[in-house]
Amino acid sequence: MSLQIVSPTGGIQPLLRAEGVSLEYGGTRATHDVSFDVYRGDRFVLLGPSGCGKSSLLKAAAGFIKPASGSIAINGAEVRGPGPDRIVVFQEFDQLPPWKTVKENVMFPLLMTKRVSRHEAAERAMHWIAKVGLGGFEDAHPHTLSGGMKQRVAIARALAMQPEMLLMDEPFAALDALTRRKMQEELGRLWEELRFTLLFVTHSIEEALVVGNRILLLSPHPGQVRAELNSHQFDLVSAGSAEFQAATQRIHGLLFGTDPAARCTLGRTGVPPGLRRDGGVAL
Ligand SMILES: Nc1ncnc2c1ncn2[C@@H]1O[C@H](COP(=O)(O)OP(=O)(O)OP(=O)(O)O)[C@@H](O)[C@H]1O
């Protein structure tokens, strides 16, 4: 199966819509006029070279920063700040308060947002800790865990909140290669079971293909949309295949301008595979 550039479409309401988003830090432009839609159940990846504004876009979706122009909406309502409907998992291992146990860490946002009683928060925490394969580590403190285990806690904490959207900012980038692969596999397994909506940032082409069903390619700084691709056909099993290698090469060409198709910048596009049959342009 070939990689496809997705062509514009309409009709289905996206969960998240970014429209003409330009982000700035003190007058310096980080992204320029970026538009994309994320649909329920998407594993939507922002892919681009270092400094192109991927993290900034994710932070804007999370409500931590405000666009200089353009807008981001969730379910049609403009994002005006952070909310429990969008939970972020960061790359850094220090995102877990070290004085809290694994269980207390997972319970913490549930209690903070007063969503559930302490008893229910504890029950939910145990459920999600088991789901991410950390049963038996409930009473451990973060400093006694490996990097991969800490990221599992962060994922459990995020999923326990049952957010509309899980936002992940290079969550596996600081892990060794084997653990990174394992975590990608685990994330895929969790998605197969729960079908949550994921917005995932990476600068690894391979990771984008393995994790995402749709990929937004961003140009180097300041980030602009280069293309949007359907990539649902790839996974860890197909990684290393000739098709996977060809897709990797093609994306590299699109990102760094050696591929003529990179010049056809596409605007907001696409719905998830299965909802639309007319495909797009095969690369
Ligand atoms: N807090 C900040 N203050 C000033 N400039 C910033 C800030 N955060 C990011 N930038 C700048 O905005 C641009 C985009 O940064 P961002 O971290 O969003 O890119 P990125 O694609 O996620 O990069 P990386 O893959 O290296 O994390 C860069 O030029 C960066 O220097």
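These exercises, each with a worked solution, walk through a predicted model.

**Exercise 1. Judge how confident the predictor is in the chain and the complex.**

Begin with the chain. Its mean pLDDT is 88. Of its residues, 87% reach 70 or more. Next, take the complex. The predictor assigns an ipTM of 0.98 and a pTM of 0.89. Last, find a weak stretch. Over residues 262–283, pLDDT stays under 50. The model still has 58 contacts beyond four places in sequence for residues 262–283. Where pLDDT is low, predicted coordinates should not be read in detail.

**Exercise 2. List the residues around the ligand and sort them by class.**

Walk along the chain. Tyr25 and Ala30 are among the residues around the ligand. Gly48 is also included, as are Ser50, Gly51, Cys52, Gly53, Lys54, Ser55 and Ser56. His203 and His221 complete the list. Now sort the shell. It has 3 nonpolar, 8 polar and 1 charged residues. Which helix gives the most to the shell? Helix H1, residues 54–62, does, with 3 residues.

**Exercise 3. Work out how H2 and H3 are arranged, and what lies in their contact.**

Start with the geometry. Helix H2 spans residues 102–112, and helix H3 spans residues 118–131. They pack at an angle of about 125°, and their axes are 9 Å apart. Now name the arrangement. H2 and H3 are therefore oblique to each other. The crossing of H2 past H3 is right-handed.

Then look at the residues. From H2 come Val102, Lys103, Val106, Met107, Leu110 and Leu111. In H3 they meet Arg118, Ala121, Ala122, Arg124, Ala125, Met126, Trp128 and Ile129. The contact of H2 with H3 holds 11 nonpolar, no polar and 3 charged residues.

**Exercise 4. Repeat the analysis for H2 and H4.**

Take the axes. Those of H2 and H4 come within 8 Å and cross at roughly 30°. Apply the cut-off: angles under 35 degrees count as roughly parallel. So H2 is roughly parallel to H4. H2 passes H4 in a right-handed crossing.

Name the partners. H2 supplies Val102, Asn105, Val106, Pro109 and Leu110. H4 supplies Val153, Ala156, Arg157 and Ala160. This contact of H2 with H4 has 7 nonpolar, 1 polar and 1 charged residues.

**Exercise 5. Describe the packing of H4 and H5.**

Helix H4 covers residues 147–160, and helix H5 covers residues 177–194. Their axes come within 10 Å and cross at roughly 25°. H4 and H5 are therefore roughly parallel to each other. H4 passes H5 in a right-handed crossing.

On the H4 side, Gly147, Gly148 and Gln151 make the contact. On the H5 side, Thr179, Lys182 and Met183 do. The contact of H4 with H5 divides into 1 nonpolar, 4 polar and 1 charged residues.

**Exercise 6. Find the backbone features at Asn75 and Pro222.**

Recall the usual case. Most residues other than glycine have a negative phi, and most peptide bonds are trans. Now turn to Asn75. It has a positive phi of about 50°, although it is not a glycine. Where is Asn75 found? It sits in the loop between strand E5 (69–74) and strand E6 (77–78).

Then take Pro222. A cis peptide bond joins it to His221, with omega about -10°. Pro222 lies in the loop between strand E10 (214–218) and strand E11 (225–230). One link back to Exercise 2 remains: His221 is also one of the residues around the ligand.

Methods:
Residues are numbered from 1 along each chain as its sequence is written. This is a predicted model: local features need pLDDT of at least 70, side-chain atom pairs count only at pLDDT 80 or more; totals for chains, interfaces and linings use all residues. Axes are lines fitted to C-alpha atoms, for helices over the stretch in contact, and angles run from 0 to 180 degrees between N-to-C directions. Helices (H or I, at least four residues) and strands (E, at least two) are DSSP runs, numbered from the N terminus. Angles under 35 degrees count as roughly parallel, over 145 as roughly antiparallel, 65 to 115 as roughly perpendicular and the rest as oblique. A crossing is left-handed if the near helix is turned anticlockwise from the far one by less than a right angle, and right-handed if clockwise. Two residues are in contact if their C-beta atoms, placed from the backbone, lie within 7 Å. Ala, Val, Leu, Ile, Met, Phe, Trp, Tyr, Cys and Pro count as nonpolar, Asp, Glu, Lys and Arg as charged, and the others, Gly among them, as polar. A residue is near a molecule or strand if its C-beta atom, placed from the backbone, lies within 6 Å of it. pLDDT is the predictor's confidence in each residue, from 0 to 100.
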